[in-house]
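Here are my notes on this one, jotted down while going through the helix packing and the internal space. Have a look at the structure first, then read on.

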Amino acid sequence: MKKLKVFITGGSGMLGEMINLYITDKFDYVFQYNTNLSVLNPKLSVKLNLSDYKSVKNFLSDFKPDVIIHTAAISRPEICESVDYDEVKKINVESSVYLSEYVNKYGIKIIYTSTDLVYDGEGNGFVSENSLLNPLSVYAKSKLESESAISSITNKFVILRQSLMFGFSKSNSVNNFQIVYKKLSESEQVNLFEDQFRTPMSSIQSAKIILNMIDTEFDFGIYNHGGNEKLSRFDLGLILCKIKNFDVSLVNKISMNSIPGVNKVKNVSMDTSKIRKAGFLCESTEQSVSECILNYENSIKI
């Protein structure tokens, strides 16, 4: 049987790194990167600037993917806020247009990772896919614009509104969870928001679900993609302490309003029942944190 050909953008990001770790030779695949090749196999990777339409078009014509997994983005909110929006749009929106046009032309499938931040977070949480969309940051605005572009160009799309993602990375995509783990392991104090709520999920769980979507038949459309529990970063820190027996007194509660910078949402915890009913199950946060730690600690022993 012919293998499905899969093209994954953002291969050197944290999610791309986990997809790279768990993908198997069941598929014929290539990972895209632009500047950081460190976590990828050079033989299964392509250096490609997604804002270069001609290069993207030429690559797709040569590789002829059956499925595109589009995770690439300028994802750090502070960077998005500090540069001209046209620069953000080149990567976060225009690349989605190019890829969707190819998807529509050849009748293939695209899986796109958006963000829970397209919701404004002003309600009581557990927002559904039909809840009010009101992005408060440049990053979230660009992701919603990308959603609109994809859904207007092709009907063979899966848009995943990715929740707060935690885990470990060997690339430049070090996240807050990894920093907290390192500080607590060295008996340093950490300050974590107690008043911002999300439905966090690990990069490992997200990657496993996305890989399962490649050759699974289910309805196209928009899905909230996150964990099953409404938690603050402080709550997540306590779970980490419980699993690793770190000193809980090192974890300090702070308000998100105490940190200046980009707009912060209050409560974008999501109702993820739609994706679960489609058959894509997620482990509990505690199980996911344990899985991430085991994976990371085993990897640094090698």
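1. Start with α4 (residues 85–106) and α5 (residues 138–153): in this predicted model, their axes come within 9 Å and cross at roughly 20 degrees. That angle is under 35 degrees, so α4 and α5 count as roughly parallel to each other. The crossing of α4 past α5 is right-handed.

2. Who makes that contact? On the α4 side you'll find Tyr 85, Val 88, Lys 89, Asn 92, Val 93, Ser 96, Val 97, Ser 100, Glu 101 and Asn 104. Facing them from α5 are Val 138, Tyr 139, Lys 141, Ser 142, Glu 145, Ser 146, Ala 149, Ile 150 and Ile 153. Sorted by class, the α4 contact with α5 comes out at nine nonpolar, six polar and four charged residues.

3. Next, α1 (residues 14–22) and α7. Here the axes come within 8 Å and cross at roughly 60 degrees, and α1 and α7 are therefore oblique to each other. This crossing, of α1 and α7, is right-handed.

4. For the residues behind it, α1 brings Met 14, Leu 15, Met 18, Ile 19 and Tyr 22. From α7 come Ser 203, Ile 204, Ser 206, Ala 207, Lys 208, Ile 210 and Leu 211. By class, the contact of α1 with α7 has nine nonpolar residues, two polar and one charged.

5. Now for the internal space. How many cavities of 30 Å³ or more are there? The count comes to one, and the largest cavity has a volume of about 30 Å³.

6. What lines the largest cavity? The residues are Met 18, Gly 167, Phe 168, Ser 203, Ile 204, Cys 292, Asn 295 and Tyr 296. Worth flagging if you're flipping between views: Met 18 of α1 and Ser 203 and Ile 204 of α7 are also part of the α1 contact with α7, and these residues are in the cavity lining.

7. Which helices each supply at least two residues of that lining? They are α7 (203–213) and α10 (285–301). The largest share, three residues, comes from α10.

8. Last, the chemistry of the cavity wall. The lining of the largest cavity divides into five nonpolar and three polar residues, with no charged ones. Set that beside the α1 contact with α7, where one charged residue is present, and the α4 contact with α5, where there are four.

Note on methods
Residues numbered from 1 in each chain as written. Predicted model: local features only at pLDDT ≥ 70, side-chain atom pairs only at ≥ 80, totals over all residues. Heavy atoms only, no water. 1 Å grid on protein atoms, 1.4 Å probe; cavity = no way out; pocket = protein on both sides within 12 Å on 5 of 7 lines; lining within 4 Å. Points joined across faces, edges and corners; volume = space filled by probe spheres on them. Helix = DSSP H or I, 4+ residues; strand = E, 2+ residues; numbered from the N terminus. Nonpolar A, V, L, I, M, F, W, Y, C, P; charged D, E, K, R; others polar. Axes fitted to C-alpha atoms, helices over the stretch in contact; angles between N-to-C directions. Parallel < 35°, antiparallel > 145°, perpendicular 65-115°, else oblique. Left-handed = near helix turned anticlockwise from the far one by under 90°. Contact = heavy atoms within 4.5 Å.
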